Amino acid sequence: MKAPIIDPLQGDFPEVIEEYLEHGIMKCIAFNRRGTLLAAGCSDGTCVIWDFETRGVAKELRDKDCACAITSVCWSRYGHHILVSAADKSLILWNVVSGEKIARTTLHQTPLQARLHPGSSHPSLCLACPISSAPMIVDLNTGFTGILPVSVSEGGPTSRPKFSDGSPGFTPTAACFNKYGDLVYLGNSKGEILIIDYKHIQIRGEIRGVVPIPGGAVIKNIVFSRDGRYLLTNSNDRTIRIYENLLPLKDALRAVDELTETISELDWVEKLKAVGSKCLVLSREFQDSITRVHWKAPCFSGDGEWVIGGSASKGEHKIYTWDKAGRLVKILEGPKEALVDLAWHPLHPIVVSVSLTGLVYIWAKDYTENWSAFAPDFKELEENEEYVEREDEFDMMPETEKVKESDVNEDDEVDIVTVEKDSAFSDSDMSQEELCCLPAIPSPDAPEQQDKCAGSSSKLLDSGSPLSEEGIQNGHATNHEPSPIEGNVPV
């Protein structure tokens, strides 16, 4: 590797497969904002919601009109809604608690990815990236779609290429909202990041900035870190790039407008590049210079301190972990199954990966018991030792000094109502109730289902692949060792 592997003890990141989840053939995954629920889209059109603490199925969302594979799942900001895109060209918005379908829209092309607007508690706008057309803004309430530009022309502000028959051309592109959803960042086939004001799609100046990628490689993935300060791109040149976001997190569009007004002497294209250079700056590049592997589903850790990317090679389940300084810290090797999707837990050092066979693997840190951490004077012994007590060690001693009086005023009222803000969710709106858990679905004992291996199950991996079908309970995890999530990871 180009970068040396540093001491793994220096970082808090996943190391081993703790267990796996099974429910049909799962294709894509997404955590809610608190990491308490995990949504997974299946090949039969079902969206399964797992309670990540108990590892049981809490809800199944199924549309009778959709029997095609789910291509992406996305939670709303406060977890009350889930947006599902499917191979039958549909976008479906679900109410998570009631399980009711709120809206359904059919596009002209299959959406590979769909993301809800991050700034609304009751989202109706989403960003869809179809397989054979430009990304678009979709209003789920009205069905209106607005096509986003995918390139900048020398002859004018924007252009959309066309096929020989006159229909709009396309290049599969990636796009995402910024943290508060006032701008869209789009990566195209020319190796450019376009900064777009999507609210003015029909206006001449909808592209506000352009950031060229070194080498002009096609951009396959683009995603912001959780705090919105860094942008990640994955390109066809087998390189993951990290850009620092120079715009303010709030009112980013206004800041772009101010930058545009200060630059007036350049032509249109050069002006867009000048604005883009003041919006994003290249920070780090990650690649495997030896194997030259392509990357799959790269993303940030919950705190933005780590970057992970899955190997896109067939027949291997490898996850590379880097720190923000660009050093490779860990290579996780799983079963001989291709990796399809990745997600890092918002709070804990836990990574969830999806294999080509439809299993969801849970990677966690390999914790070891350290009793001296709880009692500094505790001494660990390698073997039994004979203890010789002191002569007066257990004698009854008279009280020689009074216990110091406490400085706490017992008459003061204790505030048990005020909720302190968590630093990880400092942008939370305390007036909005967030959905963190769902009641689990009871699973009746059905021996005939167990014999057919039907239903949902999850078991602890001993060797990297499922070994036994004994003791499977529908929708629950089978774990034969203490779970680091329950026992050792601080909440």
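This passage walks through the salt bridges, two open sheets and a surface patch of a predicted model.

Since the model is predicted, local features are taken only where pLDDT is at least 70 and side-chain atom pairs only at pLDDT 80 or more, while totals for chains, interfaces and linings use all residues. Residues are numbered from 1 along each chain as its sequence is written, and side-chain values rest on heavy atoms, with hydrogens and water left out.

Salt bridges come first. The structure holds 16 of them, a salt bridge being a side-chain nitrogen of Lys or Arg within 4 Å of a carboxyl oxygen of Asp or Glu. One of these pairs Asp-257 with Arg-208, with 2.2 Å between the closest N and O atoms. This pair ties together distant parts of the chain, 49 residues apart: Asp-257 belongs to helix α1 (residues 252-262) and Arg-208 to strand β19 (residues 207-212). Helices (H or I, at least four residues) and strands (E, at least two) are DSSP runs, numbered from the N terminus. Asp-257 is partly exposed at 28% relative accessibility, whereas Arg-208 is buried at 17%. Here buried means under 20% relative accessible area, exposed means over 50%, and partly exposed is in between (1.4 Å probe, protein chains only).

Arg-241 and Glu-285 make another salt bridge, their closest N and O atoms lying 3.2 Å apart. Again distant parts of the chain are linked, with Arg-241 in strand β22 (residues 240-245) and Glu-285 in strand β23 (residues 280-286), 44 residues apart. Arg-241 is buried, with a relative accessible area of just 3%; Glu-285 is partly exposed at 39%. Lys-318 and Glu-316 also meet through their side chains, at 4.0 Å from N to O, and Lys-318 is partly exposed at 23% relative accessibility. Salt bridges with shared partners also join Asp-63, Asp-88, Lys-101 and Arg-104 into one network.

Now for the sheets. Strands of a sheet pair through backbone hydrogen bonds, either parallel or antiparallel. In this analysis, two strands pair if DSSP finds at least two bridges between them. One open sheet has 4 strands in the order β16-β17-β18-β19, with antiparallel pairing. Its edges are β16 (174-177) and β19, each of which has a single partner strand, so one side of each is left without a neighbour in the sheet. From one strand to the next, the twist averages 20 degrees; axes are lines fitted to C-alpha atoms, for helices over the stretch in contact, and angles run from 0 to 180 degrees between N-to-C directions. Strand β17 (residues 184-187) runs antiparallel to β16 and is joined to it by 4 bridges. Ala-175 sits opposite Leu-186 in β17.

Another open sheet of 4 strands follows the order β10-β11-β12-β13, also with antiparallel pairing. At the edges stand β10 (111-116) and β13 (145-147); each has a single partner strand, so one side of each lacks a neighbour in the sheet. The twist averages 25 degrees from one strand to the next. Between β10 and strand β11 (residues 125-130) there are 5 bridges in the antiparallel sense, and Pro-111 has Pro-130 in β11 as its bridge partner.

Last comes the surface. Val-414, Ile-416 and Val-417 form a nonpolar patch there, with about 390 Å² of accessible area together. Patches are made of residues with over 30% relative accessible area and no salt bridge, like charges being joined within 9 Å and nonpolar side chains (Val, Leu, Ile, Met, Phe, Trp, Tyr) within 5 Å. Val-414 lies in the loop between β30 (360-364) and α3 (447-451), and counts as exposed at 69% relative accessibility.

Definitions and conventions. Accessible areas come from the Shrake-Rupley method with a 1.4 Å probe; for residues, only the protein chains shown count as cover.
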